[in-house]
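Open the model in your viewer and keep the selection tool at hand. The stops below say what to select and what is there.

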2 protein chains.
Amino acid sequence: MLPLQLQPESHIPLYIQLRDQLRSLVDSGELRPGDRIPASRELAGQLGVHRTTIANAYADLESEGLIQGHVGRGTFICGDAPVRQISAAPRAMVASGLRWEALFADERGDDSLARLMPEVPENGIAFVTARPSGEYFPLEDFRRCCNAVLKTDGRRILQLGSSEGYEPLKSALVDLLRSEGTNVPLDQLLITDGCQQSLDLLCKAFLRPGDCVAIENPAYPGAIALLSAARVRCLAVPVETGAEGNGPLGMDVSSLESVLVQNRVKMILVTPDFQNPTGTTMPVASRRKLLDLAARHQIPVVEDHIYARLRLRGVNVPSLASMDRGGVVIQIDSFSKAAFPGLRVGWVVAPKNVIERLRMVKQITDLHTDQLAQATLAEFVKRGFLARHLARMKKVYLGCLNALEMALARHMPDDVTWTRPEGGMSVWVTLPPGVDAAELLIHVRERGVLFVPGRHFYLQGPQPNTLRLGFAGLDEKRIDRGVATLGQLLKAELRKRQHGARRFEPARVALV
Amino acid sequence: MLPLQLQPESHIPLYIQLRDQLRSLVDSGELRPGDRIPASRELAGQLGVHRTTIANAYADLESEGLIQGHVGRGTFICGDAPVRQISAAPRAMVASGLRWEALFADERGDDSLARLMPEVPENGIAFVTARPSGEYFPLEDFRRCCNAVLKTDGRRILQLGSSEGYEPLKSALVDLLRSEGTNVPLDQLLITDGCQQSLDLLCKAFLRPGDCVAIENPAYPGAIALLSAARVRCLAVPVETGAEGNGPLGMDVSSLESVLVQNRVKMILVTPDFQNPTGTTMPVASRRKLLDLAARHQIPVVEDHIYARLRLRGVNVPSLASMDRGGVVIQIDSFSKAAFPGLRVGWVVAPKNVIERLRMVKQITDLHTDQLAQATLAEFVKRGFLARHLARMKKVYLGCLNALEMALARHMPDDVTWTRPEGGMSVWVTLPPGVDAAELLIHVRERGVLFVPGRHFYLQGPQPNTLRLGFAGLDEKRIDRGVATLGQLLKAELRKRQHGARRFEPARVALV
């Protein structure tokens, strides 16, 4: 029997675990050319998983040329399997002399973030992104700003700059924040390459290997990946998504309290507004409780404010930073959800001594943030283009969100639930218990529809029956078509289950 | 007696150590308003340092309003010293509730990199930079490239991009490297935010706290600061600067060998061409020995190639990467010494599996590098503007280097020596033994001349009588004037010493 071990609790889909383990067996020589591998039904029985899981793994390996099926005989390891290595591009410059894999600082091999951004097929409907829609980028406005700053300040922009940020951008942000109701002095502001880098800098400034951070579960995978790589222990605090129909939404502050009582937590990381992936917003009472807890335990709260400017409906809730009386909040923010994520510019608002420490860390990390992007964005803000663009995009995204909700109501079976975000870019869908969104994805992908299975966002205890639908990049018609496909395949699967058939086969439905 | 402890071996100038320790005593309450502190002569005697050191520390503290001298009575801690804290800008948004200093992951308080980039006075002559001269930036060419890429590819550029880099830039770099004689496949290339970030990514991918890295001594302070912050042990390998007039220049490979034999070294970091700060170039025989050593010990060699395109005279020496038969070299490189350091774009060339690992690390660090900068630089390379600009700048810099060498020969006392770089941006000067460049700086700064004392570049065993002169940002006349000032003040000091006077007083010489 093959030495295979699948972990149902992992956020990595079972078929990928299986595929990768089989590939390793070939690479290590345990499986050799000509060896027969079990039929999918047989292996499914051995491993106690659905036969589709095996079939999907085999399909990937066959397309890689690693295995081949022979009618009536079975499936075999291919004779020319080692070609995979030999056929790699000749290393003109560098022979691979060292055993590099053994030299890496850790064994991180899982690239879950990359898998969240799969190739979108031509004419596909990809509910996968949490990024702004590119078709509305005000390119001409942007180009005018870019030209203007290069003309007036080109020499300074292109010269080595300051680690704290390009001064005109800092000033523009101070004005922007003041217009939004918060008064931030220049020395409480640091420019970064975006929220991902802000997290990296905070991690370097505050955390050591083994330290504990309390974080939402599910959460933004980029935060989990960053903290895990730094060998920081992430402690999961459940996010209430309203699926149970009661209690406040967002990070569950009572659970947070138990986590803080039981562990020496060094930082709390939270996205109170339109959390990715659930789209939930913490009510003001929870925010107050969270701040009280943090102040009592003397723990910094990192508020991820990246989606907050994308409120599409409902009433504004004050940010943690603006409610902070205990002086515990560090707020990270960015332009990239409002406009132009290809420019890597974000910022941190924090007490002056924290900013000074982060500035030092920033300096040794990458000296400073690109100044052409900073200068152009400063001009874009100052001329009022950002406000105008945001207003426009909020209309567009509200249209998308409405369309998505209508489509879900129209096409989804009764026992599917979803969150009702007041902003942001994604809706969190809970399928009936027992349905694996990762398996569903395999089938809808064949019809050109993509989404991200919920398991990728979980720190622990992944719910395989959840998924995230990002709506920001799509027009209303495609949203309806995509959700229709999703609903049809899901209903077909549920029918099969009702009829006792455990096998998941794509339903023969035409795209509407 | 005050609890003061100065470390002459530190790279931090004595007067700064003293100033900071006195400030801490006030902050901690050990020195209180009204307390008298010793006269400079008295304290100099107690601490066994020059009286100028005390005077400089006191001058800084006086300008901060922390101490005040009263004629005939002495020097006292000011009554309103605590005002320093109270008068800080009111924290409109964030009260400083947490004891943040206690929460930081380490006690790093020394910001030596920032001190390397002091404010340049109006009309000052600053030999401090290792950055390209901004006045020659081909701004119009740049702006044309920027407009062109925004017009043809704006929507892609401004959208979220790939962690490995913007494809057109990668292709342009492959072509550039091929034209320079190295054949690098696309998958052996990763775009980063510059060499500082490349080092950060390498550190994350390969090093754990406590690991050892062999590094030149003296070296680029940004590398030392980065590794120290990551709690990596830096092992110093001496750089031969030719001051002794014999042996090959650059990293001393025999010393490297002893370091490798005696320690479990995880990485060798070396700048073979025009090393910062010494300007030295390793001869080909040393490079071969280094590569053999690394291959024998199975240690990755990180080749900092950032200055290599700035060869101003002499014969090209092949890069470590191009000589690498053992497959041990990772080369880091950047545009920022050739042009536009305000754009943060660099790259890494390495075996495919190293690049893939670094790409994953890059992704969790800041997702990807700014795409407007990448696209514009790609266009700038493709149109031949980079080659043209480089050719022009090499002429300009050669003029600067020649002027600097002539000025040194003209104005420096006989027992001063300096390196003869064949490229790069800086010359390394060794003053007569016993002269402290940090003290000399205090005096030449009063005349508007700046340089960086050599001690800032040392990992250990700082030579206080060394200094770095960066020549790239200055015109030939100012170079001569600056070196003349340096020479005059140095000669005055040496005369004083000869006459037995140990006290350093600025000579009354007019600027020539």
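Select Asp106(A) in this predicted model. Is Asp106(A) buried, exposed or partly exposed? Around Asp106(A) there are 13 other C-beta atoms within 10 Å. A residue counts as exposed at 12 or fewer and as buried at 20 or more, so Asp106(A), with its 13, is partly exposed. Asp106(A) sits in the loop between helix H5 (100–103) and helix H6 (112–115) of chain A. Now add Arg231(A) to the selection: its C-alpha atom is 9.7 Å from that of Asp106(A), although 125 residues separate the two along the chain.

Next, show both chains. Which turn lays chain B on chain A? A turn of 180°, with a shift of 0.0 Å along the axis, does so with an RMSD of 0.1 Å. The two copies are therefore related as by a two-fold rotation axis. To find the axis from chain B, select Asp370(B), whose C-alpha is the nearest to it in that chain, at 3.5 Å.

Now select the residues where the chains touch. Chain A and chain B each put 90 residues into the contact. On the side of chain B, the elements that give two or more residues include helix H9 (195–206), helix H10 (221–229) and helix H14 (352–366). Helix H7 (139–158) of chain B is also one of them, and H7(B) gives the most, with 10 residues. By class, this side of chain B has 46 nonpolar, 25 polar and 19 charged residues. The copies meet through the same surface, because 100% of the interface residues of chain B are also interface residues in chain A.

Stay in chain B and select helix H8 (residues 167–179) together with H15(B). Their axes are 8 Å apart and the helices pack at an angle of about 35°; the crossing is left-handed. To see the contact, show Pro168(B), Leu169(B), Ala172(B) and Leu176(B) from H8(B). Facing them from H15(B) are Gln374(B), Ala375(B), Leu377(B), Ala378(B), Val381(B) and Lys382(B). The contact has 8 nonpolar, 1 polar and 1 charged residues.

Last, colour chain A by pLDDT. The average is 87, and 90% of the residues score at least 70. Residues 81–95 of chain A are below 50, and this stretch has 27 contacts in the model beyond near neighbours in sequence. Residues 501–512 of chain A also stay under 50, with 21 contacts beyond four places in sequence. Where pLDDT is low, predicted coordinates should not be read in detail. For the complex, the predictor gives an ipTM of 0.80 and a pTM of 0.81.

How values were computed:
Residues are numbered from 1 along each chain as its sequence is written. Chains are lettered from A and ligands numbered from 1 in the order in which they are written. This is a predicted model: local features need pLDDT of at least 70, side-chain atom pairs count only at pLDDT 80 or more; totals for chains, interfaces and linings use all residues. Helices (H or I, at least four residues) and strands (E, at least two) are DSSP runs, numbered from the N terminus. Copies are superposed by least squares on the C-alpha atoms of residues with pLDDT of at least 70 in both. Two residues are in contact if their C-beta atoms, placed from the backbone, lie within 7 Å. Ala, Val, Leu, Ile, Met, Phe, Trp, Tyr, Cys and Pro count as nonpolar, Asp, Glu, Lys and Arg as charged, and the others, Gly among them, as polar. pLDDT is the predictor's confidence in each residue, from 0 to 100. Axes are lines fitted to C-alpha atoms, for helices over the stretch in contact, and angles run from 0 to 180 degrees between N-to-C directions. A crossing is left-handed if the near helix is turned anticlockwise from the far one by less than a right angle, and right-handed if clockwise.
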